[in-house]
Amino acid sequence: MFRAELDAIDIRILRELQRDGRITNVELSERVGISAPPCLRRVRKLEEAGIIEGYHAFLNAPKLGFDLVAFCMVGLKHQSESNLKAFAAATESWPIVRQAWMVSGDSDFLLHCVAENLTKFQDFVIEVLTANDHVHTVRTMLTIRQVKRLGLVEI
């Protein structure tokens, strides 16, 4: 299913689900202006097409004891396909790394990290990240506060 195949109702469904993934099908159908059975069929079609990848709860990290959010720009020693894949695979085993992107420009990867505190983050950077055989450079950015948080797609 490509964007060209999405009609106005599909777009409204996606918009509402991105705002509130826990909305009931009945309430969703009312908000988008169709009855519940076709609404559910449309949602399932969007899920099967991979447009809706899942439903998640946004957690309050500081209330769970995770007070530090940082970004790491990582440059690899060599950008061969095998090194890029190996580093990407390594990020999967690092719980502190919550999201990772392969990027272009001065760095090869951008890592979104969440840690309990500065010491835990520093330990990760020194003992794990810079110790990785593929890593050449690491530049870190500590966040001050989040000022905007939306779904990943403006629809």
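**Aromatic cluster, antiparallel sheet and the packing of helix 3**

In this predicted model, F87 has a relative accessible area of 0% and is therefore buried, the cut-off for burial being under 20%. The residue makes a convenient entry point to the aromatic contacts, of which the structure holds three pairs. In one of them, F87 meets F109 in a tilted arrangement, with 4.7 Å from centre to centre and 55° between the planes. This pair links distant parts of the chain, since F87 belongs to helix 4 (residues 81-91) and F109 to strand 3 (residues 109-115), 22 residues apart. F109 also counts as buried, because its relative accessibility is 3%.

W94 and F124 make up another pair, this one edge-to-face, with centres 5.6 Å apart and 75° between the planes. Here too distant parts of the chain are linked: W94 sits in the loop between helix 4 and strand 2 (97-102), F124 lies in helix 5 (residues 118-129), and 30 residues separate them. Both W94 and F124 are buried. Through ring pairs, F87, W94, F109 and F124 are joined into a cluster.

The strands come next. Four of them form an open sheet in the order 2-3-1-4, with antiparallel pairing. Strand 2 and strand 4 (135-142) each have a single partner strand and stand at the edges, so one side of each lacks a neighbour in the sheet. Neighbouring strands are turned against each other by 20° on average, direction ignored. Strand 1 (residues 68-76) pairs with strand 4 in the antiparallel sense over seven bridges, and V74 stands opposite V138 of strand 4. Helix 4, which carries F87, lies across strand 1, strand 2, strand 3 and strand 4, and runs at about 15° to strand 3.

Helix 3 (residues 36-48) offers a neat check on geometry: at 1.5 Å a residue its 13 residues should span 18 Å, and the C-alpha atoms at its ends are indeed 18 Å apart. Which residues of helix 3 are buried? They are C39, V43 and L46. Seen down the axis of helix 3, these buried residues fall within an arc of 60°, and so they line one face of the helix. R41 and E48, on the other side of helix 3, are exposed. The cover over the buried residues of helix 3 includes helix 1 (8-19) and helix 2 (25-32). Just after helix 3, G50 adopts a positive phi of about 80°.

Notes
Residues are numbered from 1 along each chain as its sequence is written. This is a predicted model: local features need pLDDT of at least 70, side-chain atom pairs count only at pLDDT 80 or more; totals for chains, interfaces and linings use all residues. Side-chain values use heavy atoms; hydrogens and water are left out. Rings of Phe, Tyr and Trp (its six-membered ring) pair if their centres lie within 6.5 Å; planes under 30 degrees apart count as stacked, over 60 as edge-to-face and the rest as tilted. Helices (H or I, at least four residues) and strands (E, at least two) are DSSP runs, numbered from the N terminus. Buried means under 20% relative accessible area, exposed over 50%, partly exposed in between (1.4 Å probe, protein chains only). Two strands pair if DSSP finds at least two bridges between them. Axes are lines fitted to C-alpha atoms, for helices over the stretch in contact, and angles run from 0 to 180 degrees between N-to-C directions. Contact means heavy atoms within 4.5 Å. The expected span of a helix is 1.5 Å times one less than its number of residues. The arc is that of the directions from the helix axis to the C-beta atoms.
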